[in-house]
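Subject: The structure we talked about

Hi,

Here is the structure I promised to pass on. Have a look at it first, then read my notes underneath.

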Amino acid sequence: MALEYIHTGFENGSPVQWEIDPAGIVRIGLLYDHERGSPNRAAGHWHVQLQARAGTELTVVLENFDNIWNGKAGSPISERTNCFVSPDGRAWTALPARKTADNRLELHVSMESESLYLARLEPYRLSDLDRLLDEIRGHPRVEITPIGRTVEGRELEIIRVGHADAPYRILLRAPSHPWEPGGNRVIKGLIRSLLEADEDTGRHLDRYCLYVMPMAAKDGVVRGQTRFNVLGMDLNRNWDRPADPRYAPENHALETWLNVMVDLGMRPDLAIDLHNDNSGKLHLSRPERDHEQHLAKMKRFERLMFEHTWFTEGSTSPGFRNPSTFGEGLLERYGIDSCILELNCDWIAGLNKVPFGKDWELLGQQMREVFSGYFAE
């Protein structure tokens, strides 16, 4: 047998079922995450290790992409979806894949050694975050504050970069869905850029202070899940009401911190939830209220993204609304100008390339100028 084993017992390894069919094709079936009290289900994260003799050529078919959202069928893959491969889990290259007519993903793998990691995107694991926290902990511009714990007891934190008494405050969160590593990379690039010893950094931090919840979905990231927390809650929903501390302690922790900030007169002036999807747009929700001033600010933010970063995808249409999401919830309940920034997981139009972690880190570096411009106007 050409394939000897598929190993998933490692950090961020995704639960799968697999078999080799009579034609010798390796078929890998993703397992769906299910939403609590809902027919919704999601599968879109894969991260496995193929084990076979060096020199083996494999045809691999990934399946179970028949997601359901809001009662409607949907697929997390597109004609531009790639896979990423790595011999060691650190150095990654893109591998072309083909979306089939029956919503599967087919790829051809050359085993140059006896093992090869195969993933949806270049992963960002909890251990990667821990290394970043160790790197910045103790820096005079940084404060790391525990704010709660996940369902499984992992500590949640807020990272502050800059001076608490800065004129403006920004809140970023990533990821609320475990499969989406792009936001983590943006945060890494932004934080590192704001800790550089140059005049530009001082100019930025004289204007704003950055607060970051760097990984809301820690349990799901460790377990290799796709969308929901381990009790079936979508952490980018139900922001139109107080969070349930039993089923969504991750949201409850952030909400409790946010309430304290508001009580101290330190409400964030801008909040952004960072995600990945197949389109890459800035999601601007339009609730049933007078929102023209808010939309004008968001359009300014969009224009500055065009001017200072590789972002080119634009924003959602005038009729778009996304009720109960982080963006709409913080706007409605707290009066915070909020939005969701989706990072295209298949293609970066502004760079004309497949996305790697370093590309999203570059976006984070570029965004420090965006924020300064946003608060200067």
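Below are my notes on a helix, some charged pairs and two acidic residues.

First, some housekeeping. This is a predicted model, where local features need pLDDT of at least 70 and side-chain atom pairs count only at pLDDT 80 or more, while totals for chains, interfaces and linings use all residues. Residues are numbered from 1 along each chain as its sequence is written, and side-chain values use heavy atoms, with hydrogens and water left out.

**Helix α6**

Helices (H or I, at least four residues) and strands (E, at least two) are DSSP runs, numbered from the N terminus. Helix α6 covers residues 292-308, which is 17 residues. From first C-alpha to last it reaches 24 Å, close to the 24 Å expected at 1.5 Å a residue (the expected span is 1.5 Å times one less than the number of residues).

Several residues of α6 are buried, among them Leu 295, Met 298, Phe 301 and Leu 304. Buried means under 20% relative accessible area, exposed means over 50%, and partly exposed is in between (1.4 Å probe, protein chains only). Charged residues turn up on that buried list too, including Arg 300 and Glu 302. What do the buried residues of α6 pack against? Their partners are β19 (270-277), β20 (282-283), α7 (326-334), β21 and α8 (357-376), with contact meaning heavy atoms within 4.5 Å.

**Salt bridges**

A salt bridge here is a side-chain nitrogen of Lys or Arg within 4 Å of a carboxyl oxygen of Asp or Glu. By that rule the count comes to 32.

One of them sits in α6: Arg 303 pairs with Glu 307, with the closest N and O atoms 3.1 Å apart. The two are four residues apart in the helix, about one turn. An α-helix has 3.6 residues a turn, so residues three or four places apart point the same way. Arg 303 is partly exposed at 35% relative accessibility, and Glu 307 is partly exposed at 49%.

Glu 152 and Arg 223 also form a salt bridge, with the closest N and O atoms 2.4 Å apart. Glu 152 lies in the loop between β15 (142-149) and β16 (155-161) and Arg 223 in helix α4 (residues 218-223), so the pair ties together parts that are 71 residues apart in sequence.

Then there is Arg 104 with Asp 102, whose closest N and O atoms are 2.9 Å apart. Arg 104 is partly exposed at 27% relative accessibility, as is Asp 102 at 44%.

**Two acidic residues**

Glu 342 is in strand β21 (residues 337-344). How far away is the nearest side chain of opposite charge? That is Arg 227, at 7.2 Å, and Glu 342 is buried with no salt bridge. (Lys and Arg count as positive, Asp and Glu as negative; His and the chain ends are not counted.) A polar atom of the Glu 342 side chain does lie 3.5 Å from the backbone nitrogen of Asn 276. Beyond its neighbours within four places in sequence, Glu 342 has contacts that include His 275, Gly 280 and Lys 281.

Asp 346 is in the loop between β21 and α8, and at 2% relative accessibility it counts as buried. Its side chain makes a polar contact of 2.7 Å with the side chain of Ser 78. A polar contact is a pair of N or O atoms within 3.5 Å; within protein, one must be able to donate a hydrogen and the other to accept it, and residues adjacent in sequence count only if both atoms are side-chain atoms. Not counting residues up to four places away in sequence, Asp 346 also touches others, including Arg 80, Arg 120 and Asn 278.

Cheers
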